[in-house]
Amino acid sequence: MSGGFLFCRIPRCRVAFGVCLASVLVSICAPLRGEEPFLPFLQGLVQRGYYETALDYLTTMEDSPLASTEQRELIPLERAVTLIAYSRTQRDIERRLELLGQGEQQLQQFVDSKSGHPKLFAARSELANTIVERARIKLEQSKLGDSAILVPEARDQFQRGIDELKKLETLVTAELDQIPKVLDTKDRAEVVLAKRRTQLRADNLQTELLAAAIREELAGTFDSGSTQRVEQLAAAAEQYESIYKKYRSRLAGLYARMYQGRCNAQMGKTKDALAYYGDLLDQPDEPLEMRRLKTETLRLAMDSWLAPSERKYLVAIKQANRWIETVPRSFQRDADMLAIRLGLARALQMQAQDFSSRGMNQAVITQSLAAARDHAEFVAGEEGALQEAALQLAEELGSQRLDGGPQEPASFAEAAQAGRQFLNQLGPLTNQILVLQQKLQVDGDSSDKQEQLTSAQQKLVAAKESALASYRLAMALADESTPPSELNLARYFLCYLYSIQGDPMRAAVVGEFMARQHPESDGALQCAKIALASYNQLFADAAASMDRSFELRRIYEATVYLAKTWPNSPDAVEVLAVAVPTMANFERVEWAQQLTELIPEDSPARWQADLITGHALRGQYVRRQRALQASAEKSNPEVVENQQRLLSDGQSFLVSGFERLPDNPVVNAFNVTAMLLTAEVLLEASQPVRAVEVLEHPTLGPVTLINTKHAAVSDPLLTRQTLQIALRSYVASIDQNAEMVAKAKAVMGTLQQAVGTDSQAKQQMVAIYVQLARSIETQMKAADGEGKQQLSKVFEAFLTELAADATDTGVLLWVAETYVSLGAGFDDNPESLQPVARRYYEQAAVALDHLLTVASADPILVTQIQARLAGVKTLQRDFAGALEDYRQLLQAKPNAVNLQVEAARLLARWGKFDSSQYQRAITGVGEKPNPIIWGWAKIAAATMSHTAFRETFYEARYEVARCDAERAKTLRGVERERLLTEASKALRTTQQLYPGLAQTKWSPLYSSLEKQIESLR
């Protein structure tokens, strides 16, 4: 009951019967400390449909020592809310009334005893709602009998609801009056008051609206035309008018105006009602809330226009047709829109009857009846309150025949000829309208020209509708003697007319039928294009929140059919080029790929489709990779193969698109991004030189555009990504082109400018440089012996030159890390250290020492550098020196978990050379019970209850078992068996207590170590 105090009327739903109470307790009663988790548990029960259990729980809580005073005060209110929700699940009306009555009692108890409670207003509002809900049920019961008793009872209930809302309005107004008119927005207490005032005003408005609406419902309990009914309607209309005058600029005020019109219409004041409706229908169509208001208003206006006292069927037809054409397809089956359609059917019927009685145009009469039948049948096809009336009207229209006027066509030929005559009017009328519109723009407002324009527009509408009616009649009159060519021509015109009349579904159905069943006919290709355009229109009209898979599939299949059936037509390439981005944007990547492959390789449209599809494939690969990180499926061979295919296909399409670039490609953000992706996939495929070629393309190269400051690369994120990939590409190409050294240095400077100079920016640069160092290490490991030597020399020369004049800590740290990566490239023997690896590690240590002097003013960075120096000593096999470094660091920061982990890793690595260090890696180094270096056992204990350190915990438990197993290898007898048993137990216990481990990278490591332990026994 947060926010406003008017309750939301959304019934709470039951869950599947298979859900048991135990699952509710598990999901709700998570370990909480302090008082009983009262509301979460109660709401969980109600949301799952356990109403009786919820009521029992509330009874238990009344005397429970776990409940706080505040919670006990809420019990009557929560019991009422639960009873009311429970009532809405009941089919038996008497049982529902009984539960509502009990809920009303509880609400009354709360209201009477909690005069100053924060939720008093909410309770009063719900009390009024409950009283009115009982009144509505009694009114429904009265239709089945006992109306003499039940109607007065319902009437009394409605009046009680109104009285309750008056009390609520008095209380809210009193609190509003206590809040000062002028508040200081800089004062925190007064800001709170301002928010409270805003909420109270909104709540007061809703209370006024609800009171007026109940008054209108109360009027419905009196006989039509009775004095009491008129009095109540007049009172409701007066209330609505008061609301409108106060809130005419707000949506609620406009709704009040509409309801005022509704009350006037019920009193027989049709002209007044239409005046109010007209004000609202002149409002703009957007936003969505305004469109809904206008839809409801038009529904009411249709009834008034078609009332016997008005008979303004022409206005009704014009307004309803315009609204049906305006409203998106996703809203066409709403109750209000169905009512508008049914009203339109009646208006068209009224027009046909009027024209017939005056002997006017028979074609218009025929067309009006056909259109009326269409609308009535549309409504009749939807279940609901209007279905029966729509069925009756459709039957009436189906049998209705009007005399007078020209004779209705009696054969296919006559109907088709009439249709062609109406079609021939479309061109001249359209041209006339364009000319008149241009003259009005040039000459200004002219009543004569405006009348001509209105007349021409009406004639155009009538001609379209008459043409459509004629061709529909022609299809109905066709028989075996009708020439197939003439029949197909009629289908083509039907397809076209449905399209221009804004009926894309019928246009698509007729168009596809023609294209697939008669592809050799003259109009088949055009019908295929109309069908495809219609499916695109249906897709565009559907709300973004809707499932649009049907429309997407129809677009895809219609595009494939057109392209394969008429492959040599220019239309084939055009529709393929249009469909590819649609499929890519909505993650139908396989369809985008298939459509792209249908575009001829020499087509000018192919390069763009290749880039779009490659981009989409790459995006799908990345999304799936992220989803697979925490999934057991990531090691599934089929999944791995599919991912590899996505990666490979994405690379192929991107590279193909680059190779097909025209001389002057369009330069926009998407194409630049596609070029950047192309460079990235080439870099990942160990083709850095080609990546540089893409980045430096003279027209579309991302680096080229950055250098010329093109608007297409104005996005800072795109700029940084481009420079990072460029830096990686230049560095990776150094061994093949010495010019890359200068380019890499230049890009480093540009990248630093793009990222910035504050502390956060420097951290980003350090991360970029470290990532680059790791890619160098990967490149070194992938090279063969001679290639590795050559690469190392090139990188060493580059690092020497770069470090000579560098003062930026990020650059210097990257230099040091790259020396480490170079050394790691030659450090392939754990038993001994090769001289070349030792030399690079020594250079890394020198670079880090130099960095310490540069970064002396930044204590955090100094600590990081010292920790990295200790890591380098570990790589140099100076285990004692590294341990002393970690000891000094941890004396200053004993609880630094990352340093404790590095120190434990050092001891575990030292164990390969001195098995006694395995024990120290587990138990730590220093005086017990608080050693300076914790060891894996204490690291595991310290991180066990912290989910943020779960990966560290898994590693620590794994290392405890591994170190025990490694030490066991050096022993025999009982001690060996004891260590192996402890190692195995550590692994199994962790896996049992932490099932989430199975979804991490540690699961296969644990399993592998278990097998090793078993093999040692």
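## Helix packing, cis prolines and a pocket in a predicted model

Proline 287 lies in the loop between H11 and H12. The structure described here is a predicted model. In this loop, a cis peptide bond links glutamate 286 to proline 287, with omega at about 5 degrees.

The two helices on either side of this loop are packed against each other. Helix H11 covers residues 270-281 and helix H12 covers residues 288-305; their axes come within 10 Å and cross at roughly 150 degrees. An angle over 145 degrees counts as roughly antiparallel, and H11 is therefore roughly antiparallel to H12. The crossing of H11 and H12 is left-handed. On the H11 side, the contact is formed by Thr270, Ala273, Leu274, Tyr277, Leu280 and Leu281, which meet Lys294, Thr297, Leu298, Leu300, Ala301, Ser304 and Trp305 of H12. By class, the contact of H11 with H12 comprises nine nonpolar residues, three polar and one charged.

Beyond H12, the loop that leads to helix H13 (313-326) holds arginine 311. Although arginine 311 is not a glycine, it has a positive phi of about 50 degrees.

A second cis peptide bond deserves mention. It runs from lysine 928 to proline 929, with omega near 10 degrees. Proline 929 is placed in the loop between helix H39 (916-923) and helix H40 (936-943).

Helix H4 takes part in two further packings, one with H2 and one with H3. Two packed helices are described by the angle between their axes and the distance between the axes. The table sets out these values for the three pairs in this report.

| Helix pair | Axis distance | Angle between axes |
|---|---|---|
| H2 and H4 | within 12 Å | roughly 10 degrees |
| H3 and H4 | 10 Å | about 165 degrees |
| H11 and H12 | within 10 Å | roughly 150 degrees |

Helix H2 spans residues 38-47 and helix H4 spans residues 69-87. Their angle makes H2 and H4 roughly parallel to each other. H2 contributes Phe38, Leu39, Leu42 and Val46 to the contact, while H4 contributes Gln71, Leu74, Ile75, Glu78 and Thr82. The residues of this contact of H2 with H4 are six nonpolar, two polar and one charged.

Helix H3 consists of residues 51-62. H3 and H4 are roughly antiparallel to each other, and their crossing is left-handed. From H3, the residues Tyr51, Glu52, Ala54, Leu55, Leu58, Thr59, Met61 and Glu62 meet Gln71, Arg72, Ile75, Glu78, Arg79, Thr82, Leu83, Ala85 and Tyr86 of H4. This contact of H3 with H4 divides into nine nonpolar, three polar and five charged residues. Gln71, Ile75, Glu78 and Thr82 of H4 appear in the contact with H2 and also in the contact with H3.

The report closes with a pocket. The second largest pocket has a volume of about 970 Å³. Its lining is made up of 30 residues, and those nearest its centre are Arg868, Gly871, Tyr886, Glu902 and Arg905. The elements that give two or more residues to this lining are helix H34 (809-826), helix H36 (859-875), helix H38 (897-910) and helix H41 (950-968). The greatest share comes from H36, which gives 10 residues to the lining of the second largest pocket. In terms of class, the lining of the second largest pocket holds 14 nonpolar, six polar and 10 charged residues.

Definitions and conventions: Residues numbered from 1 in each chain as written. Predicted model: local features only at pLDDT ≥ 70, side-chain atom pairs only at ≥ 80, totals over all residues. Heavy atoms only, no water. 1 Å grid on protein atoms, 1.4 Å probe; cavity = no way out; pocket = protein on both sides within 12 Å on 5 of 7 lines; lining within 4 Å. Points joined across faces, edges and corners; volume = space filled by probe spheres on them. Helix = DSSP H or I, 4+ residues; strand = E, 2+ residues; numbered from the N terminus. Nonpolar A, V, L, I, M, F, W, Y, C, P; charged D, E, K, R; others polar. Axes fitted to C-alpha atoms, helices over the stretch in contact; angles between N-to-C directions. Parallel < 35°, antiparallel > 145°, perpendicular 65-115°, else oblique. Contact = heavy atoms within 4.5 Å. Left-handed = near helix turned anticlockwise from the far one by under 90°.
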